[in-house]
Amino acid sequence: MEQAAKDTYLLTMRHIDMFFPGVKALKDVSFNLKKGEIHSLMGENGAGKSTLVKVLTGVYQKTRGEIEFDGQVIAPKTPLESQKLGISTVYQEVNLCQNLSVAENIYIGREPKTAWGGIDWATMSERAAKLLNEKLGLSLDVNKTLGFYPVAMQQMIAIARAIDTQCKVLILDEPTSSLSDHETARLFEIMRSLKEQGISIIFISHFLEQIYTICDRITILRDGTYVGEYEVKNLKRIDLISKMMGKEISEGEIESNLDKATASSDVLVETSKVTVPGKVKDLSMQINKGEVIGLAGLLGSGRTEIAETLFGVLQKSEGSIKIDGTEISIKNPMSMMLNKIAFCPEDRKLAGIIGDLSVRENIILAMQAKDGMFRHMPRAKQNELADYYIKLLRIKVSDREQKISTLSGGNQQKVIIARWLATEPNLLILDEPTRGIDVGTKSEIEQLAVSLAKEKNMSVVFISGELGEEVRTCSRVMVIRDHEKVTELNGDEISTAHIMQAIAGDYHGHA
Amino acid sequence: MDMLKKLSHSSLALPLAALALLLLFNALFVDDFFKIEVMENGNLYGRPIDILYRASSLIILALGMTFVIATGGVDISVGAVCAISAASCCVMLGGDISGIPEHPFVLAILCGIGAGVLAGIWNGTLVAKFKIQAMVATLILLTAGRGIAQLLTDGQIITVYYKPFSYIGGNIPGIPLPTALLIALCMVSLVIWLDRKTSLGLMIQSVGINQTASKYAGINVTLVLFCVYIFSGFCAGTAGLIEGSFIRAADANNCGLNMEMDAILAVTLGGTLMIGGKYYIGGTIIGAITIQTLTTTMYAVGVSSDRLPAVKAVVILLIIVIQSEKFKQMYRNYRLKQGSSAAKEAEHA
């Protein structure tokens with residue numbers, strides 16, 4: 001029996017370890033792929049999905065473990081080597097050449113040659129057209145440049161390129177993230193037809209809906225470790241989520257709450273049917289004065305995108321945003337800053353700190369940008385402001401002229417928060433403010449969010465992947481799934497269990 | 001002692017040391033290097049004055065270049081823009097041998113500077129608005145600029161006989177210091193004012209260090225980039241007038257030739273990194289003066305002008321290597337080793 005099960009596997013990866021200098025990215029991970037199945041690799045960002053795929057395709061070299069493919073042990077050193085073995089990858093971003101023709105893109109590096117050693121253009125076009133037609137059911141002009149076709153079509157072309165080379169395993173890494181619903185459905189058709197042709201597909205996606213639509217089996221990873229392997233039809237969504245997050249869900253789980261803020265009935269921000277193509281779907285929400293509202297959802301569910309839309313980084317294509325009852329047009333972050341909205345972005349290093357500048361300069365930056373170039377804040381005022389916030393937020397610095405890049409993550413985060421508090425906002429959006437921060441600072445920031453709402457009547461949008469944090473701080477939680485608002489939880493409804501159920505689509509509320 | 005220690009840790013230490021070394025060399029080997037005389041017409045004369053005077057247009061170019069480089073860009077068109085500026089001014093004045101200008105002098109000057117600002121707007125639009133790499137965007141005017149200058153002058157070298165035009169590159173009667181030096185001083189003051197009294201400096205550095213974060217902090221990145229290229233064009237326009245006035249003519253092919261490279265060099269010698277971020281106005285000025293001192297020194301010790309570039313290259317190579325982070329680290333390691341072996345010897349003794 002055991003032996004029989006083994007024989008059905010096309011690919012097995014056993015006890016894979018992968019070390020990067022100082023980090024253990026994969027710890028004893030196993031993965032089994034049957035012939036002709038669609039297998040999903042699930043896990044939150046940083047769980048090790050991409051690393052595992054890269055070990056398989058030869059981008060990284062595993063530290064320990066064994067890969068058995070089609071009856072023999074393999075250890076690919078380069079992506080080219082794994083391609084030759086029959087393992088092809090299509091990445092999230094189409095990495096083909098926009099300015100070459102479709103046929104050239106499919107056959108680049110292995111062009112059919114004429115007797116003279118030149119490229120046989122006629123054969124190449126013919127084969128490309130035939131390939132697209134037979135395998136994917138597409139008929140398009142293969143002599144047009146790739147850039148002529150929309151992204152979805154380019155993705156299909158990338159798949160065509162991948163499967164032409166005696167492909168046995170096709171890896172699709174987030175292929176649907178830039179596709180519309182209709183295009184996704186088309187991709188699924190193609191995936192099913194490839195499956196019938198006996199090709200195994202490893203499918204990586206953040207969208208739960210899609211996993212349940214298309215996949216046969218799931219392997220779950222968490223923090224670089226193997227959680228388990230499941231039949232999709234036997235795994236409830238709620239279980240999938242709790243396994244991904246590493247948290248058992250028990251009904252009635254009680255969290256110790258902060259003394260939460262109570263929202264006033266005055267509405268500060270109201271959005272109606274706001275849509276950003278591919279990022280935010282049909283969002284209608286209200287933010288009241290003096291409340292801490294949480295956005296919960298899996299990574300990649302569209303939490304950050306909602307925040308970025310509110311701050312004017314992303315531009316809505318439809319819908320309206322009202323602040324204090326008046327509809328406003330948003331052009332850029334500045335127009336939202338002038339409406340007293342502030343935003344601490346998720347990626348502190350990339351979008352938050354100005355590394356080489358001092359703590360003082362980092363604190364006054366947003367305020368100075370708001371005042372404009374020629375209304376320069378006098379140095380004495382800058383010092384006063386910087387010192388005030390260093391003291392208020394208990395930022396640990398040797399003095400205000402210390403470079404921000406030399407501070408710890410938590411203190412950097414406090415400086416960024418100080419930057420925005422200095423602009424005296426009515427709405428403060430905190431996107432993952434506690435990620436990568438020590439426990440002490442973490443609870444300080446949570447308390448800060450609550451006290452700003454309570455004492456200054458400020459509205460705070462609190463985005464966090466850590467549900468416990470949402471439960472502790474928020475007086476209302478909006479649950480986001482697949483770029484859409486699913487539900488809202490109020491007051492006593494807010495618990496880790498309820499939020500998880502809502503993310504899985506199993507929570508229907510008391511009402 | 002404390003002052004010295006502080007100075008040796010400041011960003012100006014190395015540029016200053018390089019300049020001091022050059023001056024020391026001059027003091028030892030060139031007779032009367034530091035002698036300043038008062039000429040019959042009251043003008044000051046001497047090598048130090050000559051260096052500052054010759055360095056002034058480079059200082060001006062380098063000031064504009066400092067801001068551009070601080071944003072992470074570069075403007076390699078400034079030399080060619082000098083030629084356009086000089087050509088515009090000379091065309092406006094005309095080459096009438098009687099010395100009567102075709103248009104008022106003030107208008108001609110404004111035309112020269114205006115041409116520089118226009119070039120800056122062109123560069124700024126390409127870099128800030130169309131997000132073209134700075135090197136590529138400014139390459140267009142580097143190659144086309146001299147052609148434009150030729151077009152303006154109809155391919156002729158227009159020699160200007162109007163007397164006051166020569167005052168820009170020489171002396172205004174009755175004022176002992178060269179006009180170019182005074183213009184440079186004005187520009188330096190303007191830049192220091194911009195740096196201290198506006199938040200342009202903060203925004204430029206912020207954009208240079210982290211564009212994304214700057215955008216999230218509400219800084220109008222496009223506008224900041226646009227401004228620095230316009231200012232660089234303005235500087236090039238001003239420097240072009242000085243360069244034109246030196247020879248009292250619009251020489252489209254040679255005016256400001258290779259000055260963009262000297263300007264970039266001055267900025268980097270001054271300690272501003274090509275990747276952008278923190279900039280050092282003082283360092284830039286010292287860098288520009290160092291380059292000119294080097295040239296003057298070479299002439300003074302009799303290096304012929306055809307060999308000058310080679311010698312200059314060697315000296316600059318030395319300065320840059322000594323300033324590099326890697327070299328500093330090697331030096332520190334060496335000191336550390338020395339220290340430990342000295343300690344061992346002391347033990348043995």
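Here is a short chat about a predicted model with chains A and B.

Biologist: Let's start with chain A: which domains is it divided into?
Modeller: One of the domains comes in two pieces, 258-340 and 425-511, and that is domain 2. Residues 358-423 make up domain 3, and 2-245 make up domain 1. So that the names are in one place, with bounds from a domain assignment: chain A has domain 1, domain 2 and domain 3.

Biologist: Which helix gives the most to the side of domain 1 of chain A that touches domain 2 of chain A?
Modeller: The centres of these two domains in chain A are 35 Å apart over C-alpha atoms. Where they touch, 10 residues of domain 1 of chain A meet 12 residues of domain 2 of chain A. Four residues on the domain 1 side come from one helix, residues 237-245 of chain A, and that is α9.

Biologist: And how do the residues on that side of domain 1 of chain A divide?
Modeller: Sort them by the nature of their side chains. The split for the side touching domain 2 of chain A is three nonpolar, four polar and three charged.

Biologist: There's an open sheet in chain A; which strands stand at its edges?
Modeller: Four strands pair in an antiparallel way, in the order β12-β11-β14-β15 of chain A. An edge strand has a single partner, so one of its sides is left without a neighbour in the sheet. In chain A that describes β12 (280-288) and β15 (326-327).

Biologist: What is the bridge partner of A:T271 in β12(A)?
Modeller: Strand β11 of chain A, residues 267-276, runs antiparallel to β12(A), and six bridges join them. For A:T271, the partner in β12(A) is A:M285.

Biologist: At what angle does helix α10 of chain A run to β12(A)?
Modeller: Helix α10 of chain A takes in residues 303-310 and lies across β11 and β12 of chain A. Its angle to β12(A) is about 65 degrees.

Biologist: Over to chain B: why is it as compact as a globular protein of that length?
Modeller: Chain B has 15 helices and four strands. For 349 residues the globule rule gives 20 Å, and chain B comes close to that, so it counts as compact for its length. The radius of gyration behind this is 22 Å.

Biologist: Last one: which element gives the most to the side of chain A that touches chain B?
Modeller: The contact takes 23 residues from chain A and 21 residues from chain B. Elements giving two or more residues on the chain A side are α11, α12 and α13 of chain A. The residues on that side divide into 15 nonpolar, four polar and four charged. With six residues, the element that gives the most is α13(A).

Methods. Residues are numbered from 1 along each chain as its sequence is written. Chains are lettered from A and ligands numbered from 1 in the order in which they are written. This is a predicted model: local features need pLDDT of at least 70, side-chain atom pairs count only at pLDDT 80 or more; totals for chains, interfaces and linings use all residues. Two residues are in contact if their C-beta atoms, placed from the backbone, lie within 7 Å. Ala, Val, Leu, Ile, Met, Phe, Trp, Tyr, Cys and Pro count as nonpolar, Asp, Glu, Lys and Arg as charged, and the others, Gly among them, as polar. The radius of gyration is taken over C-alpha atoms; the globule rule is 2.2 Å times the number of residues to the power 0.38. Two strands pair if DSSP finds at least two bridges between them. Axes are lines fitted to C-alpha atoms, for helices over the stretch in contact, and angles run from 0 to 180 degrees between N-to-C directions.
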